[in-house]
Amino acid sequence: MLKLAHYINGHLVAPLSGQYLDNVDPSTGQVYSLVPDGDARDVDAAVDAAEKAFPGWSKTPAEARSAHLMKIADGIERRLEELARAECVDNGKPLAMARSLDIPRAVKNFRFFATAILHARSETHVTDGLALNYTLRQPRGICGLISPWNLPLYLLSWKIAPAIATGNTAVAKPSEVTPMTAYMLSEICIEAGLPPGVLNVVHGLGAKVGAAITAHPKITTVSFTGGTVTGREVARTAAPMFKKIALELGGKNPNIVFADADMDKAVSESVRAAFANQGQICLCGSRVFVERQAYDTFVDRFVAVAGKLRLGDPLEAGVDQGAIVSKAQFDKVNYYANLAREEGGKILIGGAPAPAVNERCRGGYFFPPTVITGLGPQCRVNQEEIFGPVVSIIPFYDEAEVIGYANDTAYGLSATLWTQNLQRAHRVAERVNSGTVWVNCWLLRDLRVPFGGMKQSGVGREGGDEALRFFTEPKNVCVAI
Ligand code: NDP
């Protein structure tokens with residue numbers, strides 16, 4: 001069976017413990033490869049390599065760093081089909097999605113930051129004829145980069161690219177649930193000639209490898225994407241060590257449909273926003289609020305479209321919904337479907353594990369799109385992040401009421417509005433407490449814009465200039481004139 005390896009100091013290496021964890025294909029429930037069960041010793045080795053690489057890499061001209069990132073992007077693009085298959089098998093998502101979204105976005109992440117550093121500017125301030133201040137933005141040292149399983153290469157490369165583009169070195173940890181594409185990225189970095197130690201990838205459990213990265217005294221900067229509970233743990237360790245941290249955490253995003261919306265678009269995009277990647281995108285709209293006069297029609301149309309989504313073997317063409325990423329996540333989704341019943345919800349479609357989609361996938365973790373009505377905004381199903389194909393539809397009467405509902409959770413990651421009234425769109429967007437508000441669209445991403453969450457959805461921002469700032473230290477030089 002294929003044994004994955006850490007990527008440390010430019011080499012693919014076995015874990016020092018000699019131990020491995022099972023890597024399961026969620027569409028079959030079968031172990032298909034082994035992932036290093038890394039620990040603090042592997043993290044120490046990776047930090048040593050990153051420390052040795054830092055002086056050279058941080059002094060490498062931007063143009064040369066950019067060229068290295070471009071080569072990595074080219075390498076990903078060359079192996080796009082192979083990476084998409086790997087991501088599909090690791091994660092359970094439809095191959096078509098990995099091919100069209102996840103892997104192309106990893107290419108874009110590297111190209112975006114490779115070119116951004118060539119255009120970076122820094123500030124100058126002239127002080128009343130007395131002094132000239134200029135800001136040096138310098139790399140911070142060794143960065144710890146920790147990412148989740150839902151968009152594995154996409155999210156990991158969204159951290160790696162800005163971290164190393166700005167002259168830092170890095171120790172990255174993918175989720176142990178979906179390690180394959182990070183392993184392949186390691187191979188690509190070797191092929192691309194990235195200097196040893198600039199990027200290191202340590203595989204293993206969050207409680208061991210993730211915790212060791214967060215706590216390592218030589219890691220100055222931690223960029224974490226994952227659940228809010230884990231994020232709190234990361235902050236608890238990193239904050240007293242005065243590390244710079246960015247936390248991209250969970251969401252319970254409102255999707256608000258006003259009666260004047262373009263209903264064809266609102267219905268089809270709300271279904272996509274609810275169920276893309278089996279509902280396992282932090283930006284999914286899992287709470288759909290619909291203005292009362294449009295509610296009945298919207299629910300009927302939403303159910304009709306969602307009911308047509310084809311659940312099946314993720315490797316097959318034409319499949320819209322693949323497997324849930326793991327048994328644990330599958331059990332969680334099932335738990336919340338049952339909770340919805342207990343809380344008095346009406347399940348219009350889905351609500352229970354799907355029968356086997358084919359012979360190959362007999363042991364897989366398949367859960368159909370599930371639509372619930374009849375639950376109030378305060379019940380647990382509408383307050384807690386499920387992170388699966390479960391959506392609840394709730395009526396509202398006016399703007400103030402729905403803004404109250406939208407804001408009444410611990411989260412504030414994203415919100416979506418559907419309306420043709422321009423004034424209302426701006427008014428509501430301004431009052432909804434979330435890091436991103438989409439108006440008449442969903443998941444339309446421009447890599448330059450700030451990205452992140454409010455409240456318990458996170459601290460700090462990624463994206464464009466925000467990422468370049470996060471991974472650098474601004475130093476003011478004041479020169480008397
Ligand atoms: P987790 O928080 O469980 O894990 C995220 C990463 O942290 C994994 O690599 C995990 O390793 C690691 N980890 C676990 N424990 C620790 C620890 N004590 N110290 C350091 N690292 C640790 O999240 P999931 O992987 O389950 O991902 C789903 C969550 O991610 C959802 O809440 C979702 O909303 C959120 N998310 C947020 C996004 C955003 O941009 N705001 C984007 C995508 C997802 P291991 O897998 O081995 O446990």
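**Figure 1. Gln 278, a buried loop residue with a positive phi.** In this predicted model, Gln 278 counts as buried because its relative accessible area is 1%, which falls under the 20% limit used for that word. The residue is found in the loop between helix H9, which covers residues 263–275, and strand S14. Although Gln 278 is not a glycine, its phi is positive, at about 60°. Most residues other than glycine have a negative phi.

**Figure 2. Phe 242, an exposed loop residue with a positive phi.** Phe 242 has its place in the loop between helix H8 (228–238) and strand S12 (244–248). Its phi is near 55°, again a positive value in a residue other than glycine. Phe 242 counts as exposed, because its relative accessibility is 74% and the limit for that word is over 50%.

**Figure 3. Val 288 in strand S14.** Strand S14 is made up of residues 287–291, and Val 288 is found in this strand. With a relative accessible area of 0%, Val 288 is buried. When its neighbours within four places in sequence are left aside, Val 288 is in contact with Asn 255, Val 257 and Phe 298, and also with the run Val 391, Ser 392, Ile 393 and Ile 394. The view also takes in Thr 373, which is 85 residues from Val 288 along the chain, while the C-alpha atoms of the two are separated by 9.8 Å.

**Figure 4. Ile 372 in strand S16.** Ile 372 is found in strand S16, which spans residues 370–373, and it counts as buried at 0% relative accessibility. Apart from neighbours within four places in sequence, the contacts of Ile 372 include Ala 340, Gly 345, Lys 346 and Ile 347, as well as Val 381. Val 390, Val 391, Ser 392 and Ile 393 are likewise in contact with Ile 372; of these, Val 391, Ser 392 and Ile 393 also appear among the contacts of Val 288. Between Ile 372 and Arg 287 there are 9.9 Å in space, C-alpha to C-alpha, although the two are 85 residues apart in sequence.

**Figure 5. The surroundings of the ligand.** There are 33 residues around the ligand, and those that come nearest are Gly 227, Thr 230, Leu 249, Cys 282 and Glu 385. Glu 385 places a polar side-chain atom 2.5 Å from an oxygen atom of the ligand. In the case of Ser 147, a backbone N or O atom lies 2.8 Å from an oxygen atom of the ligand, whereas for Ser 175 a polar side-chain atom lies 2.9 Å from a ligand oxygen atom. On its own the ligand has 900 Å² of accessible area, and the protein covers 87% of this area.

**Figure 6. Ser 175 and its contacts.** Ser 175, whose side chain was shown beside the ligand in the preceding view, is found in the loop between strand S9 (169–173) and helix H6 (180–191). Ser 175 counts as buried, because its relative accessibility of 8% is under 20%. Not counting residues up to four places away in sequence, Ser 175 touches Ser 147, Pro 148 and Trp 149.

**Figure 7. Helix H2 and what covers it.** Helix H2, formed by residues 62–78, has 17 residues and reaches 24 Å from its first C-alpha to its last, close to the 24 Å expected at 1.5 Å a residue. The buried residues of H2 are Arg 65, Ser 66, His 68, Leu 69, Ile 72, Ala 73, Gly 75 and Ile 76. In an α-helix, residues three or four places apart point the same way, because there are 3.6 residues a turn. What covers the buried residues of H2 includes helix H1 (40–59), helix H3 (80–91), H4, helix H5 (152–165) and H6.

**Figure 8. Ile 76 and Ala 106 in close-up.** The largest nonpolar core has 55 residues, of which Ile 76 and Leu 199 touch the most other members. Helix H4, made of residues 95–116, gives the most to this core, with 10 residues. Residues up to four places away in sequence are not counted in the contacts of Ile 76, which touches Leu 83, Ile 103, Ala 106, Val 107, Phe 110, Leu 153, Leu 185 and Ile 188. One of these partners, Ala 106, has its place in helix H4 and is buried, with a relative accessible area of 0%. Under the rule that leaves out residues up to four places away in sequence, Ala 106 touches Ile 76, Leu 153 and Ser 157. Ala 106 and Leu 151 are 45 residues apart in sequence, and their C-alpha atoms are 9.9 Å apart in space.

Notes
Residues are numbered from 1 along each chain as its sequence is written. This is a predicted model: local features need pLDDT of at least 70, side-chain atom pairs count only at pLDDT 80 or more; totals for chains, interfaces and linings use all residues. Side-chain values use heavy atoms; hydrogens and water are left out. A nonpolar core is a set of buried Ala, Val, Leu, Ile, Met, Phe, Trp, Tyr and Cys residues joined through side-chain atoms within 4.5 Å. Buried means under 20% relative accessible area, exposed over 50%, partly exposed in between (1.4 Å probe, protein chains only). Helices (H or I, at least four residues) and strands (E, at least two) are DSSP runs, numbered from the N terminus. Contact means heavy atoms within 4.5 Å. A residue is near a molecule or strand if one of its heavy atoms lies within 4 Å of it. A polar contact is a pair of N or O atoms within 3.5 Å; within protein, one must be able to donate a hydrogen and the other to accept it, and residues adjacent in sequence count only if both atoms are side-chain atoms. Accessible areas come from the Shrake-Rupley method with a 1.4 Å probe; for residues, only the protein chains shown count as cover. The expected span of a helix is 1.5 Å times one less than its number of residues.
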